[in-house]
Amino acid sequence: MIGAKLRLLAWLVSLATVISACSPAIGPDEAATDRPVQTSSAPPAARGAIPAPHRTQSPTPTPVPTPTPTPKAFALNLYQEGDFVPQYTFEWCVAASIQIMHNLIDDSGAGTWADRVHQGELWEMARARSSNSFNGANPLGWAKVLNEAGMGPYAVVSIADYEEALQTAARAIADTGRPVGLVMWRGRHVWVMSGFKSLGDPDRFPKFTVTGIRVQDPLYPYGDNRWGPSPAPNALLTPKQLATQFVVREPRRWSSNLPTGYMLVLPRAKA
């Protein structure tokens, strides 16, 4: 009887050993079947420190510079056939120039100023408005008659530098649409500048270069033995050609408070 109990106890111990060998080892904290199974070998803190994928930021586009405009050939001419008027005496260059300037400016069809009697009257007007004129008309009287006749405003200016004088005259024509008076032969004669050619439009290029000057010499076709021939009406002269007769004013010719320089009867913008 005792032997039978001992055999039964040994059998139960063996059975318990087999069952424990077939069961997984689960700790008391892992008994809940809802918990997901951890598959990574890295600890949770280390997994949280993994950086996000790097995003490449698009570079700011470099602005493309605007190309500097290149000066091109430019031309402006106020002259039309019939605008030129000769001076009827060797003294009336200022009066003839006033008639020429009127014809260049006026597009109303009011008529061409070309009458000899009228030219004499304009000379008397300019002479009466000229100070120290040696019994003639000077640029100060010239400008005053232009203003009184409704063609102004005009002002007499003296510019020391030759190229600057040409640029000033060309810019005034472009800005106002009116001609410029040129005081020639050191103050002894006058021409009218009716247009120009340049490298660059004066309205776009402050440092444009004058390459040609349109002129009206009321003494044509006579010219002068000392200063040279008169260019034909509407002639286009180079700056070098113009410089043979357009020279600085001689201060002793007639007094004014203007400095020595290249003298212009210059149109101004209307107020």
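**Helix packing and loop geometry in the predicted model**

Val 94, Ala 95, Ala 96, Ile 98 and Gln 99 of α3 are in contact with His 118, Gln 119, Leu 122, Trp 123 and Ala 126 of α4. By class, seven nonpolar residues, three polar residues and no charged residues make up this contact. The axes of α3 and α4 lie 8 Å apart, and the two helices pack at an angle of about 115 degrees. Because angles of 65 to 115 degrees count as roughly perpendicular, α3 and α4 are described as roughly perpendicular to each other. Their crossing is right-handed. These values, like the others reported here, come from a predicted model.

Helix α3 also packs against α5. Here the angle is about 35 degrees, with the axes 10 Å apart, and the crossing of α3 and α5 is right-handed. Val 94, Ser 97, Ile 98 and Met 101 of α3 meet Trp 142, Val 145 and Leu 146 of α5. The residues of this contact comprise six nonpolar, one polar and no charged. Val 94 and Ile 98 of α3 thus appear in the contact with α4 and in the contact with α5. An α-helix has 3.6 residues a turn, so residues three or four places apart point the same way.

A further residue of α3 is His 102. With a relative accessible area of 10%, His 102 falls under the 20% limit and is therefore buried. Beyond residues up to four places away in sequence, His 102 touches Gly 111, Trp 113 and Met 151.

Helix α5 spans residues 139-148. Its buried residues are Pro 139, Gly 141, Trp 142, Ala 143, Val 145 and Leu 146. The buried residues of this helix pack against the helices α3 (93-105) and α4 (116-128), and against the strands β2, β3, β4 and β7 (262-267). Trp 142, Val 145 and Leu 146 are buried and take part in the contact with α3. At the start of α5, a side-chain oxygen of Asn 138 reaches to within 3.0 Å of the backbone nitrogen of Leu 140. Just after α5, Gly 150 adopts a positive phi of about 85 degrees.

The loop that follows α5 contains a cis peptide bond. The bond runs from Gly 152 to Pro 153, with omega near 5 degrees, and Pro 153 is placed in the loop between α5 and β2 (154-159). A cis peptide bond is also found from Tyr 220 to Pro 221, with omega near 15 degrees. Pro 221 is situated in the loop between β5 (209-216) and β6 (235-237).

Positive phi values in residues other than glycine occur at Trp 185 and Arg 186. For Trp 185 the value is about 55 degrees, and for Arg 186 phi is near 60 degrees. Trp 185 lies in the loop between β3 (180-184) and β4 (189-199), and Arg 186 is likewise found in the loop between β3 and β4. The relative accessible area of Trp 185 is 8%, so this residue is buried, whereas Arg 186, at 30% relative accessibility, counts as partly exposed.

Pro 86 lies in the loop between β1 (73-77) and α3. This proline is partly exposed, with a relative accessible area of 31%. Not counting residues up to four places away in sequence, Pro 86 touches Ala 96, Gln 119, Pro 218 and Tyr 220. Among these, Ala 96 and Gln 119 also belong to the contact of α3 with α4, and Tyr 220 precedes the cis bond to Pro 221. The C-alpha atoms of Pro 86 and Ala 114 are separated by 8.2 Å, the two residues being 28 residues apart along the chain.

Considered as a whole, the chain contains seven helices and seven strands. From the N terminus on, its elements follow the order α-α-β-α-α-α-β-α-β-β-β-β-α-β. Of the 271 residues in the chain, 38% are buried. Among contacts with a separation of 6 or more, 62% are between residues 24 or more positions apart.

Technical notes. Residues are numbered from 1 along each chain as its sequence is written. This is a predicted model: local features need pLDDT of at least 70, side-chain atom pairs count only at pLDDT 80 or more; totals for chains, interfaces and linings use all residues. Side-chain values use heavy atoms; hydrogens and water are left out. Helices (H or I, at least four residues) and strands (E, at least two) are DSSP runs, numbered from the N terminus. Buried means under 20% relative accessible area, exposed over 50%, partly exposed in between (1.4 Å probe, protein chains only). Contact means heavy atoms within 4.5 Å. A polar contact is a pair of N or O atoms within 3.5 Å; within protein, one must be able to donate a hydrogen and the other to accept it, and residues adjacent in sequence count only if both atoms are side-chain atoms. Axes are lines fitted to C-alpha atoms, for helices over the stretch in contact, and angles run from 0 to 180 degrees between N-to-C directions. Angles under 35 degrees count as roughly parallel, over 145 as roughly antiparallel, 65 to 115 as roughly perpendicular and the rest as oblique. A crossing is left-handed if the near helix is turned anticlockwise from the far one by less than a right angle, and right-handed if clockwise. Ala, Val, Leu, Ile, Met, Phe, Trp, Tyr, Cys and Pro count as nonpolar, Asp, Glu, Lys and Arg as charged, and the others, Gly among them, as polar.
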